[in-house]
Amino acid sequence: MQSILGRAGEQISSFWKDVYDTVLNPKPDARGDTRIAEEARARAPVIWLLGMVGSGKSSIIRTLTGSSDAEVGTGYRPCTATARIYEFPEEAPVVRFLDTRGLGEVAYDPAEDLALCEKQAHLVLVVVRAMGPVPAPVLDALTRVRRRHPDWPVVVAQTTLHDFYKGPGALAHPLPYPFGDGTRPSGIEALDRSLAAQRETFAKLPGSGAVRFAPIDFTPEEDGLAPADYGIDRLWTALEAGSADGVVSMMRRSLGSSGKPGVGRAASHIWGYAAAAGAIDMLPVAGVIGVPVVQGKMLHSLAGMLGVTWTRATLAEFSGCLGAGALLRFGAQFGVRQLVKLVPGYGTVIGGAAAGAASFATTYGLGHAAILYLSSRRSGARFDADAVAEEFRRAMAEATGVARASRMFSRDSDGKAGS
Amino acid sequence: MKRIVGRQGAWWLGALAAACLPFLALVPLGAVWLWERQGFVYWFLGTALCFLAAGLLFRRAHRAGDRVPSGDAATAAGEETPPDPGWSPSDKVAWQRVQGFAAQTSGRMLIDQRALLATGRAVIEEVARHYHPERAEPLWHFTLPEALLLAERISRRTRALTVQAVPGSRSVRIGDVLRLYRVKRTVASVAHSADGPWRAIRLAINPVQAAAAELSRRFQGFAAEGLSSLMLDRIARIVVEEIGREAINLYSGRLRADIDELDRLEPPAVAEPAAPAVPLRLLVAGKVNAGKSSLVNALCGDVVAAVDVLAATGQPTSHSVRCADDRPALELVDCAGLERETAIPKLVALAENCDLVLWVALANDGARDLDRRLLDAVRGHFAGRPQFRAPPVVVVMSHIDRLRPFNEWAPPYDVAVPSGRKAETIRAAMEAVAQSLGVAATDVIPARLDAGMLYNIDAVWTAVLARVPEARQSQLIRLLRLAGSAGGVAGVARQIVTGGRLLSGLVIEGIAGTRTKT
């Protein structure tokens, strides 16, 4: 008994040592960063945005990620000459938006881009302006996609609703959001007819996958149309329903939790790091970096975002307030998992998978607890150690549930979310 | 000739002669005086010395003149005359060839009647070959009415020039001229050839002959009076250019119908006694839901086309706009919404039958690839047919109210000097539209076309009116082409039956886009 506790203690102390080292003495580690980004990327859902130029694709990326123009602008990787993947956040992506150049741009042939995007997408988000018929290039591309993948779900975002609002100087969204599941009338006659005509057009698509509609109007604050993210809940719901594995729901919670300045943005980073930690831990033999290093990098990055610096004292205080019980359980699990992982055959598969999910959940919990701790540190208020511990347990439980439900760390999914 | 002598030339010459006469009288008087004083030998020696000096000086001057760079020499021989503004690209190519001849001519040609005739004939043949390269005898490829119209034109022009520029032309009786002709046996054959219709045609197609005789006579005199060779070169150039100009008019088929005839061919339904000629036809084109029907309604000042959020227009429809104030009567052809590139043949066929294109583009829609492809298809169609003339394009940028900031609508907006955010956005959108559609920024007119909220329709009218002369040229060439296409046995038969109504029939067929069999 003594020896088991002793071994657990060693495990914990060596684990925290790694975390401490990474947080307090961050070394430039390009390989590690790349690895984390890669693993997170492999698990981040890919939403393929398909629409004409100027239909509002960028607004959707900005609004869903809560990111400013600059962040979206820099957070992309070109995959062909013109198609791009916007990753958010860049360091450990939670979500990836696959964006072709707008169809219909002068002198742009989308054939190559479309073929490439089709290989990568999890879900097609069609973006069309609410006014007028569905543009032929969009419909043609979507028809081709659905012929090859009849079961792919499609979400149609119908944008620029304010084109229909008449009356000078008094544009206002109808509130509360009248469209319900995206198909109910708003009472604006022309708008309802146009939306209905578009739905009719999409109903003729080949294939069996569900087509969901989300009338939205995302505008910058300075346009004076309140709310600036009109219909965002409907769009999230449609996207969640489109990706049955719950990854989008998780992503939504991760991206959507905000409140205090900086917290929302910091929270959006946790998911990516957690996914990377889970993925790295699934490997039979740890790769270039281990889970502690990922968690250390996450803690460092969160502190940077919240404008706080870790010290040995604050780090000790934080680890202390997670609660001896929680810490022990967490450490013991970690130790057991490492042992199971080394059992050949069965152990590698099951143990690896379980280890992945556990690492995912603990990293997720650690991140959320850290945000709570760091933000109360920043504001100078006395922090509540119990609240931090509670946040850790809550977030860990939530993540465990999602990881199990989505089977995102089961072997057969082979790095892809869902089955 | 006005260009050479000037309107007041005759009076100046008379005045000069009167002023010089007393001094000229001194020449014989002085000779008599020298003779009587036996000083004639000294005068003769002095004169010889002066001539010697003059000769030497002349040689120096001549050598100095040779050193003038060739560029200056070309300018001295006369600037290139620009082609007529109404000509098609094909006509302009013919004009370039004429210019080639004109550049080679020298003033000596005017004095040598044979050279003048040969050059004139060469110019005409060159032009004829340009228009009818497939014919063995291109020189004779025209019809009787064309030849008669040409004769009429030349007569009118020659008369005008004669009255303006030839001194004493109003007082000289034809009898005197005929007497002169009879004396000069060289031109007697020309005078003879002027009887009988066949001779009239020959005179018409070979106006050079008559002109050559007259010119050569006149310029022999001018040359003797000391006209510089430079002046003669310039005149020669004008002569060749005038011959070329008429040849182009003849062989391009422009003379197939007289402008007055076109007036009479106006469809009676639209005919107004005061209306000028056939109404211009404007093609209103653009993508689905760009606002074509709204523009038609705005220009008509009435609801004539259905406007709806769903694509309302299926087939091209035609609407006429009566002339009001200074605006010409127009016919607006509202083409069906263009959704795909498969619409190109239909669009091109419509554009070929229209004189001006009003392209409607949404201000707040960046997807302009289809617009560009369709417009380029129209441009390519005309570029491949030099005998056609592409109609001018005016872009109406609709829905500027939907540009940022959405909530603001406080016209007027000065886009030339934008003062607010809205005006700046409008300006930026105009530039984007101009660039992506390949038109000049001045050809893009921002407008709001919503019924009851119209804005800047006057600017659209101004832009249309500014292009009316250009559109008229396109229209003229289009109508002439239609007149020309009435060839063949069936066409001639119909011509006999329907006479002057033929052209209007074709025009109406063109409007409907359907060729009804009669």
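## Close-ups of a predicted model

**View 1. Helix 12 of chain A and its buried residues.** In helix 12 of chain A (residues 312-321), the buried residues are Thr314(A), Leu315(A), Phe318(A), Ser319(A) and Cys321(A). Look down the axis of this helix and those buried residues fall within an arc of 165°, so they line one face of the helix. Flip to the other side of helix 12 of chain A and you meet Arg312(A) and Ala313(A), both exposed. Keep in mind for this view and the rest that the model is predicted.

**View 2. Chain A as a whole.** Chain A has 15 helices and nine strands. Of its 419 residues, 56% count as buried. Take the contacts in chain A with a separation of 6 or more: 75% of them are between residues 24 or more positions apart. As for the outside, the accessible surface of chain A comes to about 17,300 Å², and carbon and sulfur atoms own 57% of that.

**View 3. A buried salt bridge between Arg41(A) and Glu87(A).** Side chains of opposite charge can pair when their charged atoms come close. Here the side chains of Arg41(A) and Glu87(A) form a salt bridge, with 2.6 Å from N to O. Arg41(A) sits in helix 2 of chain A (residues 30-43) and Glu87(A) in strand 3 of chain A (residues 84-88), so the pair ties together parts that are 46 residues apart in sequence. Are these two residues buried or exposed? Both Arg41(A) and Glu87(A) are buried. There's a further partner to look for as well: Arg41(A), Glu87(A) and Arg96(A) are linked in a network of salt bridges. Over all chains, the salt bridge count comes to 25.

**View 4. A salt bridge inside helix 15 of chain A.** Arg394(A) and Glu398(A) meet through their side chains in a salt bridge, at 3.9 Å from N to O. Both belong to helix 15 of chain A (residues 385-406), where they lie four residues apart, about one turn of the helix. Arg394(A) counts as partly exposed because its relative accessibility is 35%.

**View 5. A salt bridge inside helix 6 of chain B.** Over in chain B, the side chains of Glu125(B) and Arg129(B) make a salt bridge, with 3.9 Å from N to O. Helix 6 of chain B (residues 113-131) holds both of them, four residues apart, or about one turn of the helix. Glu125(B) is partly exposed, at a relative accessible area of 27%. Arg129(B) counts as partly exposed too, at 42% relative accessibility.

**View 6. A nonpolar surface patch on chain B.** Which residues make the patch of about 500 Å²? They are Trp35(B), Phe40(B), Trp43(B) and Phe44(B). Helix 2 of chain B (residues 40-66) gives the largest share of this nonpolar patch, three residues. Trp35(B) has its place in helix 1 of chain B (residues 9-37). With a relative accessible area of 63%, Trp35(B) is exposed.

**View 7. Cys335(B), a cysteine in no disulfide.** If you're hunting for disulfides, the structure holds zero over all chains. Take Cys335(B), which is in no disulfide: its nearest cysteine sulfur belongs to Cys354(B) and is 9.2 Å away. The cut-off for a disulfide is a pair of cysteine sulfur atoms within 2.5 Å. Cys335(B) counts as buried, at 1% relative accessibility.

Conventions: Residues are numbered from 1 along each chain as its sequence is written. Chains are lettered from A and ligands numbered from 1 in the order in which they are written. This is a predicted model: local features need pLDDT of at least 70, side-chain atom pairs count only at pLDDT 80 or more; totals for chains, interfaces and linings use all residues. Side-chain values use heavy atoms; hydrogens and water are left out. A salt bridge is a side-chain nitrogen of Lys or Arg within 4 Å of a carboxyl oxygen of Asp or Glu. Helices (H or I, at least four residues) and strands (E, at least two) are DSSP runs, numbered from the N terminus. Buried means under 20% relative accessible area, exposed over 50%, partly exposed in between (1.4 Å probe, protein chains only). Contact means heavy atoms within 4.5 Å. Accessible areas come from the Shrake-Rupley method with a 1.4 Å probe; for residues, only the protein chains shown count as cover. Patches are made of residues with over 30% relative accessible area and no salt bridge: like charges are joined within 9 Å, nonpolar side chains (Val, Leu, Ile, Met, Phe, Trp, Tyr) within 5 Å. The arc is that of the directions from the helix axis to the C-beta atoms.
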